[in-house]
Amino acid sequence: MMEVKTVRLIFICFSLLHGFAEALRCTSPTLESLFEALEREVFNKKHLRPVKKPTDALNVSVGMTLEGILGVNEKAQSVTSLLWQVLEWDIEGLSWDEKECGVRRVSVPRDKLWIPDVIIAEIMDEDTSPFIPYVYLYNTGRVYDDRPLRMVTSCRLEIYTFPFDIQNCSLTFGPFLHLVEDVRMFARSSAEEILAESRNVMQIQGEWELLDIIGTPRTLNIIAGSYSEIRYYIILRRRPILYVVNLLMPSCFLITLDLFSFLLPPHSVDRSSFKMTLILGYTVFLLLMNDLLPVTGNSTPLMNVFFSISLALMVASLLETVFITNIQLSGDQHGVMPNWLKVLVLRYLAVIVCVPQAKRNRRVAMSPHAPARAMNISSVSVDTPPVTPLHEPALDELRKLSKDLMAIRHHVDKHFKGNHMSQEWQMMGIVIDRLLFGLYILFILICLITIVCIWTLSSSHVSS
Ligand SMILES: *[C@@H]1O[C@H](CO)[C@@H](O)[C@H](O)[C@H]1NC(C)=O
Ligand SMILES: *[C@@H]1O[C@H](CO)[C@@H](O)[C@H](O)[C@H]1NC(C)=O
């Protein structure tokens, strides 16, 4: 009796050393006999990690294929995607003879085996993936677990360059509980193969284009211990054409229209009502397009800034039109232009916006001294005592004449001065008009250059 027990003990020890399970013996090449054997050797040990020694790590290889990008939510900072996940690991020591048992692989219910608790770390919504109840078991002891995942994962989305943005989202596969000493992750295939296969099967892309997949195995060290993980970076690029056609182009058209409205005479009522209508149209356009624009808390797309500046320019040009109309129609009622304003606008700004020198001289330096000098001469010639004494009546006549002349002179002078003042104001109107026109052109140029730069930068990513 004692001997039998010892032999059994030795046998158990030996079999433990030999492996988790043993080579299966099938009585006949049927599934029934195979499952009987599996029940005996494998299914009743489903609570045990299938390794030879308890200190061994189980090697799990993970593979994935990205099947579709269903949606990107900028506000929630999440990406909804569809992928196939393949996990493979070995039940150590398990094997059977293909001829003896009739098959090379069988599908067995998932809950009959020990399954590694591999999850995707970024997952942020409850799993809505279809449940696949079976896994494949091969005669070499290899388990093949393939299932689809439909998941919402968190991703830090950068929308600054919207709609020419490129997103870099990570998917991290790893066991949630098991430390690196127990479960070790390996990549089943290289990132290039995953990329090629994903491009092959991808049907649902929507507005997103898969640019690249980069894979790195890594060990995550936290206080609880070290975890083995495989992290993939999925690089996605937005297809900008929808936004270019729907947002950028209409906006550019409206701005161009507003730009050309500078060609209308500034003081005409047409120009201000034209600009008013444009602003109204632009506001309606912005309202309609508001839900096409992404919103996040942490950054504002450059495009929103572009829209804001466009609107600001339109409003500014309308204000300027009102101002110019005011000073051009009633310039002489404003009185004398303050000296600092005259220097600032007529001397410096006029040079900057290239109002021709001759025009400026003709209009601005409208000989304010000439009438005065003329008057001096006239007064001198009247007030100095005549060399030749004249008769009294003639002298009286001359004095009267001189008085009349002075009155006329004064009138003409006043007229000249008023005229001169209103001309200064008009000149200022012209200078400001030109300045805004220049600013407009500058803004449009900068926008164009920025858009072209960002666009080429984002599309050069594809070839690199
Ligand atoms: C797991 O992988 C490591 C590293 O490749 C290897 O040394 C080890 O033997 C593997 N373990 C098993 C049980 O295959
Ligand atoms: C994506 O992000 C990771 C981590 O921030 C970085 O290492 C990787 O280079 C990025 N890839 C691209 C293409 O930007």
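Biologist: In the hairpin of strand 5 and strand 6, which residue takes a positive phi, and how many residues lie between the strands?

Modeller: This is a predicted model, and in it the hairpin that joins strand 5 and strand 6 has three residues between the strands, with Gly-141 taking a positive phi near 95°. The two strands of that hairpin, of which strand 6 covers residues 142-154, pair in the antiparallel sense over two bridges, and Tyr-136 stands opposite Tyr-144 in strand 6.

Biologist: How should I read the word "pair", and in what order do the strands of the sheet with strand 5 and strand 6 stand?

Modeller: As a general idea, the strands of a sheet pair through backbone hydrogen bonds, and they do so either parallel or antiparallel. Here six strands form an open sheet whose order is 3-5-6-2-1-8, and the pairing is mixed. At the edges stand strand 3 (105-109) and strand 8 (183-187), each of which pairs on one side only. Neighbouring strands of this sheet are turned by 35° against each other on average, if direction is ignored.

Biologist: What is the pairing between strand 3 and strand 5, and which residue stands opposite Val-108?

Modeller: Strand 3 and strand 5 (residues 134-138) pair in the antiparallel sense over five bridges, and the residue that stands opposite Val-108 is Val-135 in strand 5. Helix 2, made of residues 31-41, packs on this sheet and touches strand 3 and strand 5, while its direction makes about 60° with that of strand 3. Helix 4 also packs on the sheet, where it touches strand 1 (58-73) and strand 2 (78-90), and its direction makes about 40° with that of strand 1.

Biologist: Turning to the sheet in the order 4-7-10-9, why is one side of strand 4 and of strand 9 left without a neighbour?

Modeller: That open sheet has four strands with antiparallel pairing. Strand 4 (118-120) and strand 9 (208-222) stand at its edges and have a single partner strand each, so one side of each is left without a neighbour in the sheet. The twist from one strand to the next averages 20°. Strand 4 and strand 7, the latter being residues 166-175, pair in the antiparallel sense over three bridges, and the bridge partner of Ile-119 in strand 7 is Gly-174. Helix 4 (residues 191-201) packs on this sheet as well, touching strand 9 and strand 10 (225-238), and its direction makes about 145° with that of strand 9.

Biologist: Now the ligands: which residues surround ligand 1, and how many residues of each class does its shell have?

Modeller: Ligand 1 is surrounded by Asn-59, Glu-92, Arg-184 and Phe-186, and by class this shell has one nonpolar, one polar and two charged residues. An oxygen atom of ligand 1 is 2.3 Å from an N or O atom in the side chain of Asn-59. On its own, ligand 1 has 360 Å² of accessible area, of which the protein covers 39%.

Biologist: Which residues surround ligand 2, and what percentage of its accessible area does the protein cover?

Modeller: The residues around ligand 2 are Asn-168, Tyr-233 and Ile-235, and an oxygen atom of ligand 2 is 2.3 Å from an N or O atom in the side chain of Asn-168. Of the 360 Å² of accessible area that ligand 2 has on its own, the protein covers 42%.

Methods: Residues are numbered from 1 along each chain as its sequence is written. Chains are lettered from A and ligands numbered from 1 in the order in which they are written. This is a predicted model: local features need pLDDT of at least 70, side-chain atom pairs count only at pLDDT 80 or more; totals for chains, interfaces and linings use all residues. Side-chain values use heavy atoms; hydrogens and water are left out. Two strands pair if DSSP finds at least two bridges between them. Axes are lines fitted to C-alpha atoms, for helices over the stretch in contact, and angles run from 0 to 180 degrees between N-to-C directions. Contact means heavy atoms within 4.5 Å. A residue is near a molecule or strand if one of its heavy atoms lies within 4 Å of it. A polar contact is a pair of N or O atoms within 3.5 Å; within protein, one must be able to donate a hydrogen and the other to accept it, and residues adjacent in sequence count only if both atoms are side-chain atoms. Accessible areas come from the Shrake-Rupley method with a 1.4 Å probe; for residues, only the protein chains shown count as cover. Ala, Val, Leu, Ile, Met, Phe, Trp, Tyr, Cys and Pro count as nonpolar, Asp, Glu, Lys and Arg as charged, and the others, Gly among them, as polar.
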